[in-house]
Amino acid sequence: MKKLSFLLLLCGATASAQQLAPLTVQKIMRDPKWMGASPEGYRWSADSKTVYFNWNPEGKDKPEPYKLAVALNKVSKAENDEAEKNAAINYAYNTDKSMGLLEKGGDIYLTNFKSKKEIRLTNTLERESNAKFLYNNDVVYQRADNVFQLNLSTGELKQLTNFIKGKPDAGNSTRPVGPRAQSGTSVQDAWLKNDQTVLFDIIKKRNAEGGSRMVGTRRFGMQAGGGGPARIIKPIYLEEDFMAGLTVSPDGKYLSYRLIKQATGNKNTIVPNYITASGYTEDINGRTKVGENLSTSITYVFNIDKDSLYAVNVSQIPGIKDLPDYVKDYPKQLEERTKRNEDRKVNLNVVNWNENGSFAVVTGRSQDNKDFWILKLDPASGVLSLIDRQRDEAWIGGPGIARDVKWIDNQTFYFQSEATGYSHLYTYNVQTGEKKQLTSGKWEVQQVQLSKDKKTFYISANKEHPGITHFYKLSVNGGNLVQITSMKGGNEVTLSPDEKWLAINYSYMDKPWELYIQANQPNAKAVKITKSTTAEFDSYQWRQPDLVSFKNRYGDDVYARVYSPKNPHPNKPAVVFVHGAGYLQNVHYWWSQYFREYMFNNLLADNGYTVIDIDYTASSGYGRNHRTGIYRHMGGKDLTDQVDGVKMLVDKYGVNPKNVGLYGGSYGGFITLMGLFKEPEVFKAGAALRSVTDWAHYNHGYTSNILNEPFNDPNAYKLSSPIYYADKLKGDLVMLHGMVDVNVHFQDIVRLTQRFIELGKDNWELAVYPVEDHGFVEPSSWTDEYKRIFKLFESTLKK
């Protein structure tokens, strides 16, 4: 009864939990309020005097808005819209910040901060957006797909572009701006058009003039009132493409944008939903599978004064034709692709201008994800020249990597790179060409924020230890990295607008997240503001697992958490928990996002098991080599790290190597399958939750980075997919999967089940959950799932 009671406690179903929090078990499991709900969603008021957040200390149906008065360290309830009313307004400022632009209700407003007056610049039925100041204080904004420029001194409003959706009329691709004729008109539409021409002389006249006039006072071709010929803007037809990232250079000379061509020919998967209100099976439209056709984009630059347009030519990018190394494993493919000598497909971002428009940078990423470029663009000629190239034969990634550059001033921008093997901060001076590395070491810069005066970087990094995050400051010129936070664990910082205060979301291994407040100074004391855990949660002595490291068989440091039992079972059993996502960190000093698994590991330790949780190869927080160590072989180093971890448990914790099990969900479920199939002498039993069984059936964005595409690199897929090793199963396996999983489809586990049937295997079970997606929601499902896992280990590892 003790074991079952704890298990029910884990799933939020104890009588005492229900008495303390009058909620349904379903609500508790969706958001386990019996534990207490941590504060979240921190926002500062514009004056930096108040921190707003969402919190539920009373265990109600949903969190409510709260506020902290910083000067008093006093928490009280806030009005529902109070945070929004008092938040800093995200203005688009002019150069000296004397004026600001804001969109409200689809119109543009101008605020003069000196006079404290707000003026409405537009009042139309269409939405105006994307407003900003040019360097000369003119205002530009977007209406639909077109850009307009407003001279604040004269009041002149000028249309800069004439983008038109659809295709041009045959033989009239450069007609002046005017109403767009529709192609592919119906018989009815053609009749109406002809009838208009018969009835009205004005239509005949305009047709003879090329349709260049519009009804009303706004005329193109002639000024209203006979003032002479008007400026004609050449139409640019978007056809079926989607426009994104429309922006104007600060000097008003150039406009840039991307046209995205949607992929065609892909087949979406279908996920059947069996438990429905209608009583009928209903299909959920799912994702495509890896190897799909991808959308493509072209970046354009429009010379406003010359009314001319060109596409930025990616053929001039250094290395554009370079083939990835893996192609050498396929001689025929290498020969064919070398002969074709094609440019790789590249997606360029929109042109990124410095403050006065004297320098333009564009970043680009190859669709095979092997390259990321930072390029200088000459907007007049379209010539690209290389500033920085990040090449990775596995795939470009890591914290802060492959994002657009950010400007410090007219001469310098900053970016992150894994060139040293770890994500670090760099600056580049466009005048001198100097690239400067500001941080270094075997640790990662995880987030960067530039101070308002642009003299200081605020950085979140794991410099002290891979499992500890701190908040630092660093001069934009480099120098000493100054640590500001001091609490060991996880420090997630939200900086106040005046940059004098830190709102810190802090947690430790056995302590969920709470709000702390600290002055933005080194060695300042962090004051705890909230207390969220319940008396019931606090009544159990949750473990602080040993955070250890060991050398794997390749000589790399691998970090792990070990939960040691106070009273080991005589058979000295051990369980390996495998976290999901692959690129995720779970061996750290802060509260785990896998809180259910953390509590289940405590349960196992209470019942005599030694539990290990490993940040195996491919986990985040440890640099490039760890991140990409599974390239072209998932179930390789990530699996042998689990085996090496078990050896460490045998050597240092005295576990019995004959009584080891493992469990995990998603990627953890995949590793569980690979462990039972490929290492049957190490793992006696395993529970695989929502597991990938064949990577050729997973999505493109995640899988193609690691294994390339199935049609280009089939060997990687066969090497990495459990379904090809199903005949090796020896130990006891329980598989658990939601039937409406739109991430790892139920089809995955059904295909593996059929393989077991055909192979005559009988040491496996499948538990299905008809209403569950990838992340379970229902308390009954969580309870059933953990009961089966616990029963598996009790019946196999203690014999």
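This is a short walk through the chain shown above, from its overall make-up to a helix pair and two sheets. Keep in mind that what you see is a predicted model.

Let's begin with the whole chain. It is built with 16 helices and 45 strands. Of its 799 residues, 53% count as buried. The surface that the chain exposes comes to about 36800 Å², and carbon and sulfur atoms supply 49% of that area. You can also ask how contacts relate to distance along the sequence. Take the contacts between residues at least 6 apart in sequence: 56% of them join residues at least 24 apart.

Now let's turn to a pair of helices. Two packed helices are described by the angle between their axes and the distance between the axes. Find helix α9, residues 595–606, and helix α16, residues 779–796. These two pack at an angle of about 35°, and their axes lie 12 Å apart. The crossing of α9 and α16 is right-handed. Which residues make the contact? On the α9 side they are Arg596, Glu597, Phe600, Leu603 and Leu604. On the α16 side you will find Trp782, Tyr786, Ile789, Phe790 and Phe793. Sorted by character, the residues of this contact of α9 with α16 comprise 8 nonpolar and 2 charged ones, with no polar residue.

Next come the sheets. Strands of a sheet pair through backbone hydrogen bonds, either parallel or antiparallel. Start with an open sheet of 4 strands, in the order β5-β6-β7-β8, where the pairing is antiparallel. What stands at its edges? Those places belong to β5 (92–93) and β8 (117–120). Each has a single partner strand, so one side of each is left without a neighbour in the sheet. Look now at strand β7, residues 107–112: 4 bridges join β7 to β8, and the two run antiparallel. Within this part of the model, Tyr109 stands opposite Arg120 in β8.

Further along the chain, you can trace another open sheet of 4 strands. Its order is β30-β31-β32-β33, and here too the pairing is antiparallel. The edge strands are β30 (445–450) and β33 (482–483), each of which pairs on one side only. Inside this sheet, strand β31 (residues 456–465) pairs with strand β32 (residues 468–475). How many bridges does this pairing run over? There are 7, and the sense is antiparallel. To spot one facing pair yourself, look for Tyr458, which stands opposite Lys473 in β32.

How values were computed:
Residues numbered from 1 in each chain as written. Predicted model: local features only at pLDDT ≥ 70, side-chain atom pairs only at ≥ 80, totals over all residues. Heavy atoms only, no water. Buried < 20%, exposed > 50% of the residue type's maximum accessible area, 1.4 Å probe, protein only. Contact = heavy atoms within 4.5 Å. Areas by Shrake-Rupley, 256 points an atom, 1.4 Å probe, with all protein chains shown as cover. Axes fitted to C-alpha atoms, helices over the stretch in contact; angles between N-to-C directions. Left-handed = near helix turned anticlockwise from the far one by under 90°. Nonpolar A, V, L, I, M, F, W, Y, C, P; charged D, E, K, R; others polar. Pairing = 2+ DSSP bridges.
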